[in-house]
Amino acid sequence: MNSPLYSIRMHATRQGQHLSGAEHLTPAEQLDALAAKLVRRALEHPRGTPESIQLTVDLLEAEAVQRATLPALATLPVTTVAQGRQAALSALVEAGVSPAVAQAGIDLLISGAAPGGGVMRGAVLMQAVSGERLEADPARGVRVSRMDLDPSAATTLRQQLAVRGLDNAHVREALVLAGKVLLAPGMVAELCWSDDPDYSAGYVASPTFGYRRFPHLKPLGEERGGRIFFWRGVASEIAAVVAFLERTPVLFDALGELLPDLPSPQEA
Ligand code: AMP
């Protein structure tokens, strides 16, 4: 990708509530086709029909685009939500989040992290030791944007994921998002499960072990989901980390390792 890149973002809402969103980097020639695809995606999202769909397109300076490698991916094959949440808790602690903060983070996503228990548009930014919430707006949160896969890396990733039965948009997009989050200075870990009622899997990502998937982190039918970025920085560094996550363009042109499944809790 040497031609100039545009960032394109979609955000769909109903009655002011977040329904769905997506972000990509693309050359001009593919912009109109991608815009149509994102509108279609907003219209067909399982969380419901939007009243408003916003598309935002920005031209990026070529030299501002960072190239990077995706994190390694491994699945921990839990068979129940309770097992998944226990394993996610252990992964967060392994990554360096204090145990009480890790548990509070899981409880926050269970109850809905937006004010009133709803779904946030972006992620919670949480201090990994004190548990303090640092995002300026607890309904919007921090929205990671301006990241994508290089087309040739995307083709190879799809082939590799297909072998494991994991070639779906949830996994591909979450891997790219987590990859950018892990590049942020001071990031300790990310916890995510989807707000899509048809998708129960989630993950914990950390700079040490990469992207660890859990097939069950919430019950099917549940519309509450979200993301928490556990971070070890201090107050004076918040603006810089948020600016990196929201605005620095990152294009992933190399894949991380696809690791064998980890031992399931029954075997461990
Ligand atoms: P999804 O994986 O798309 O189902 O998103 C699950 C939750 O993660 C959403 O409800 C948001 O709270 C959050 N989220 C989704 N996309 C982003 C993003 N680009 N940056 C930060 N948080 C996000």
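This passage describes the ligand site and the domain interface of a predicted model.

The ligand is surrounded by 15 residues. Of these, M120, G122, V144, S194 and D195 come nearest. By residue class, the shell divides into 7 nonpolar, 5 charged and 3 polar members.

Three protein groups were examined for their polar approach to the ligand. At M120, a backbone N or O atom lies 2.8 Å from a ligand oxygen atom. At V144, a polar backbone atom is 2.8 Å from a nitrogen atom of the ligand. R227 approaches through its side chain: a polar atom there lies 3.0 Å from an oxygen atom of the ligand. The ligand taken alone exposes 480 Å², and the protein buries 88% of that area. M120 and V144 thus appear both in the list of nearest residues and in polar pairs with the ligand, M120 with an oxygen atom and V144 with a nitrogen atom.

The chain is divided into two domains. Domain 1 covers residues 5-63, and domain 2 covers residues 68-254. Their C-alpha centres lie 20 Å apart. Domain 1 gives 16 residues to the contact, and domain 2 gives 18. M120, V144 and R227 fall within the bounds of domain 2.

Between them, the two domains bury about 1,600 Å². Carbon and sulfur atoms account for 48% of this area. On the domain 1 side, the residues that lose the most area to domain 2 are E23, L25 and R47. Together these three make up 39% of what that side buries.

Charged and polar pairs also cross the interface. The rule finds 5 salt bridges between domain 1 and domain 2. The side chains of R47 and E223 meet in a salt bridge, with an N to O distance of 3.8 Å. R47 is also among the residues of domain 1 that lose the most area to domain 2. Polar contacts between the domains number 8 residue pairs, with both residues at pLDDT 80 or more.

How values were computed: Residues are numbered from 1 along each chain as its sequence is written. This is a predicted model: local features need pLDDT of at least 70, side-chain atom pairs count only at pLDDT 80 or more; totals for chains, interfaces and linings use all residues. Side-chain values use heavy atoms; hydrogens and water are left out. A residue is near a molecule or strand if one of its heavy atoms lies within 4 Å of it. A polar contact is a pair of N or O atoms within 3.5 Å; within protein, one must be able to donate a hydrogen and the other to accept it, and residues adjacent in sequence count only if both atoms are side-chain atoms. Accessible areas come from the Shrake-Rupley method with a 1.4 Å probe; for residues, only the protein chains shown count as cover. Ala, Val, Leu, Ile, Met, Phe, Trp, Tyr, Cys and Pro count as nonpolar, Asp, Glu, Lys and Arg as charged, and the others, Gly among them, as polar. Domain bounds come from an automatic or database domain assignment. Contact means heavy atoms within 4.5 Å. Buried area is the accessible area (1.4 Å probe) that two parts lose on being put together, summed over both. A salt bridge is a side-chain nitrogen of Lys or Arg within 4 Å of a carboxyl oxygen of Asp or Glu.
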